[in-house]
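Here is a short report on one protein chain. It starts with a term for side-chain pairs, then moves through the fold, selected loop residues and a helix pair.

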Amino acid sequence: MIPLYLDPAKVRIALIGRGALALRRLHWLRQGGAEPDVWSDHPSAEFAAEAGSNLKTGLPVHLMHYHAIWIADLPAEISDALAENARKANVLVNVEDVLEQCDFHTPAVVRRGRLTLTAGTGGASPAVARAAREQLEAAFPKDWARALDEIADARAALRASGASFAALVDDARSRLTAHGLI
């Protein structure tokens with residue numbers, strides 16, 4: 001597996017689904033800053049309400065407009081056809097809980113402000129990824145968010161003054177130590 005972080009401001013994302021799994025994925029995408037196009041031929045009331053104005057009724061025909069697509073809560077024949085069409089359009093696809101239909105896997109995530117930590121098993125066991133996420137949550141308290149903001153501001157000032165890479169690293173480590181994080 002090759003872990004990547006996608007910038008939702010630069011990557012077009014679609015979510016195609018109907019119910020609880022699609023709703024869970026919509027929340028996950030939004031926590032990462034994405035506002036995906038949401039497609040559904042038969043959305044649950046809760047999914048439709050949460051998707052709001054991003055909901056497009058029906059199933060997408062042209063997938064080449066997207067870089068990555070998540071599919072959840074659809075019958076296998078529909079999700080398989082969508083996944084095949086996505087691949088033909090050179091679009092990465094993830095079909096929730098169908099390992100053989102996934103070009104990528106969705107990791108378990110811990111967010112501490114701009115610090116994002118992930119755990120993934122390549123789809124082998126979401127339960128193990130979740131357990132790892134829980135360990136990360138315990139190991140990285142919420143104070144990391146404040147410390148990172150301070151370090152980012154200091155880094156910008158240091159870079160503007162021509163500081164070396166080693167000076168940037170030393171400053172970051174010193175600030176993490178001052179915050180009691182390392």
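A polar contact is a pair of N or O atoms within 3.5 Å, where, within protein, one must be able to donate a hydrogen and the other to accept it. The side chains of R18 and D41 form such a contact, at 2.8 Å. The model is predicted.

## Overall layout

The chain has six helices and seven strands. Their order along the sequence is β-α-β-α-β-β-α-β-β-β-α-α-α. The C-alpha trace spans about 55 × 35 × 30 Å along its principal axes. The chain has 182 residues, and 33% of them count as buried. Take the contacts between residues at least 6 apart in sequence: 51% join residues at least 24 apart.

## The loop after β1

R18 lies in the loop between β1 (13-17) and α1 (20-31). Is R18 buried or exposed? Its relative accessibility is 19%, and the cut-off for buried is under 20%, so R18 counts as buried. Setting aside residues up to four places away in sequence, R18 touches S40, D41, H42, P43, S44, F47, A72, D73, L74, P75 and I78. D41 is thus on this list, and D41 is also the partner in the 2.8 Å side-chain contact.

G19 sits in the loop between β1 and α1 as well. G19 has 14% relative accessibility and therefore counts as buried. Beyond its neighbours within four places in sequence, G19 is in contact with S44, F47 and D73. The R18 list also includes S44, F47 and D73. The C-alpha atoms of G19 and E77 are 17 Å apart, with the two positions 58 residues apart along the chain.

## Two further loops

E96 belongs to the loop between β5 (92-95) and β6 (108-112). Its relative accessibility is 11%, so E96 counts as buried. Which side chain does the side chain of E96 meet in a polar contact? The partner is the side chain of R25, at 2.8 Å. Outside the four-place window in sequence, E96 is in contact with L21, R24, R25, I71 and A72. A72 is also among the residues that R18 touches.

M64 is in the loop between β3 (55-57) and β4 (68-72). Apart from neighbours within four places in sequence, M64 is in contact with A89 and V91. The C-alpha atoms of M64 and A124 are separated by 29 Å, and the two residues are 60 apart along the chain.

The buried loop residues are tabulated here.

| Residue | Loop | Relative accessibility |
|---|---|---|
| R18 | β1 (13-17) to α1 (20-31) | 19% |
| G19 | β1 to α1 | 14% |
| E96 | β5 (92-95) to β6 (108-112) | 11% |

## The α5/α6 pair

Two packed helices are described by the angle between their axes and the distance between the axes. For helix α5 (residues 143-160) and helix α6 (residues 165-178), the angle is about 150° and the axes are 10 Å apart. Angles over 145 degrees count as roughly antiparallel, so α5 is roughly antiparallel to α6. The crossing of α5 and α6 is right-handed.

Which residues build the contact? From α5 come W144, A147, E150, I151, A154, R155, L158 and R159. From α6 come L168, D171, A172, R175 and L176. Of the residues in this contact, eight are nonpolar, none polar and five charged.

Notes. Residues are numbered from 1 along each chain as its sequence is written. This is a predicted model: local features need pLDDT of at least 70, side-chain atom pairs count only at pLDDT 80 or more; totals for chains, interfaces and linings use all residues. Side-chain values use heavy atoms; hydrogens and water are left out. Helices (H or I, at least four residues) and strands (E, at least two) are DSSP runs, numbered from the N terminus. Buried means under 20% relative accessible area, exposed over 50%, partly exposed in between (1.4 Å probe, protein chains only). Contact means heavy atoms within 4.5 Å. Axes are lines fitted to C-alpha atoms, for helices over the stretch in contact, and angles run from 0 to 180 degrees between N-to-C directions. Angles under 35 degrees count as roughly parallel, over 145 as roughly antiparallel, 65 to 115 as roughly perpendicular and the rest as oblique. A crossing is left-handed if the near helix is turned anticlockwise from the far one by less than a right angle, and right-handed if clockwise. Ala, Val, Leu, Ile, Met, Phe, Trp, Tyr, Cys and Pro count as nonpolar, Asp, Glu, Lys and Arg as charged, and the others, Gly among them, as polar.
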